[in-house]
Amino acid sequence: MQRQEAQFPPYHDNLRHFLHDLAQPLSTVTGLIDLMLLELDERDKMFQEVQLISQQLEKVMEIIGEIRRLARETADHERKTLGPPQAPMS
C-alpha cells in the first residue's frame, strides 16, 4: 500500500525531504548542546553562551516545523482543489 505522502505534488515532497534532512543534523547538535548544558556549572562563563546556542537552535527547529506545516497545508489544499488524479486515457 502506498503512503499518503506519495500524493503530495513533487515540489512539496522535495521541500519536506529537504526540511527533514536539515532537521536531522540540527537535532543532533541540539542534543549535544543540551548534554553540554547538563555538564556545565551554571557559574561557568561558557554556560550562558551554550544556553544561548541551545535557545537559538530551538528557534530554528520551530521555524522548520512551521515550514513543514505550511507545506503540508498547501499540499492538502492543492489536492482538494485539483481533485483526484485522472487515469491516463488509452
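Select Glu 66 and Arg 69 in this predicted model: the two lie 3 residues apart in helix H2, so they are separated by about one helical turn. Their side chains meet in a salt bridge, with an N to O distance of 2.3 Å. Keep Arg 69 selected and add Glu 73, whose side chain also meets that of Arg 69 in a salt bridge, here at 2.4 Å from N to O. Arg 69 and Glu 73 are 4 residues apart, again about one turn of H2. With the three residues displayed together, you are looking at a network of salt bridges that links Glu 66, Arg 69 and Glu 73.

Next, colour these three residues by accessibility. Glu 66 counts as partly exposed because its relative accessibility is 37%, and Glu 73, at 40%, counts as partly exposed too. Arg 69 has a relative accessible area of 30% and is therefore partly exposed.

Now widen the selection to the whole of H2, residues 47-82, and place a distance between its end C-alpha atoms. At 1.5 Å a residue, the 36 residues of this helix should span 52 Å, and the end atoms are 52 Å apart, so the two values agree.

Within H2, select Phe 47, Val 50, Ser 54, Leu 57, Ile 64, Ala 71 and Ala 75, which are the buried residues of this helix. Show helix H1 (10-39) as well, since the buried residues of H2 pack against H1.

What makes up the largest nonpolar core? Select Leu 19, Ala 23, Leu 26, Ile 33 and Leu 37, then add Phe 47, Val 50, Leu 57 and Ile 64, and the 9 residues of that core are complete. H1 and H2 are the elements that give two or more residues to this core, and H1 gives the most, with 5 residues. To inspect one member closely, centre on Val 50, which touches Ile 33, Met 36, Leu 37 and Leu 40 when residues up to four places away in sequence are not counted.

For the last stop, move to Asp 41 and Arg 43, whose side chains meet in a salt bridge at 2.7 Å from N to O. Are these two residues buried or exposed? Asp 41 counts as partly exposed because its relative accessibility is 35%, whereas Arg 43, at 73%, counts as exposed, the cut-off for that class being over 50%. The count of salt bridges in the model comes to 3.

Technical notes: Residues numbered from 1 in each chain as written. Predicted model: local features only at pLDDT ≥ 70, side-chain atom pairs only at ≥ 80, totals over all residues. Heavy atoms only, no water. Expected span 1.5 Å × (residues − 1). Buried < 20%, exposed > 50% of the residue type's maximum accessible area, 1.4 Å probe, protein only. Contact = heavy atoms within 4.5 Å. Core = buried A, V, L, I, M, F, W, Y, C linked by side-chain atoms within 4.5 Å. Salt bridge = Lys/Arg side-chain N within 4 Å of Asp/Glu carboxyl O.
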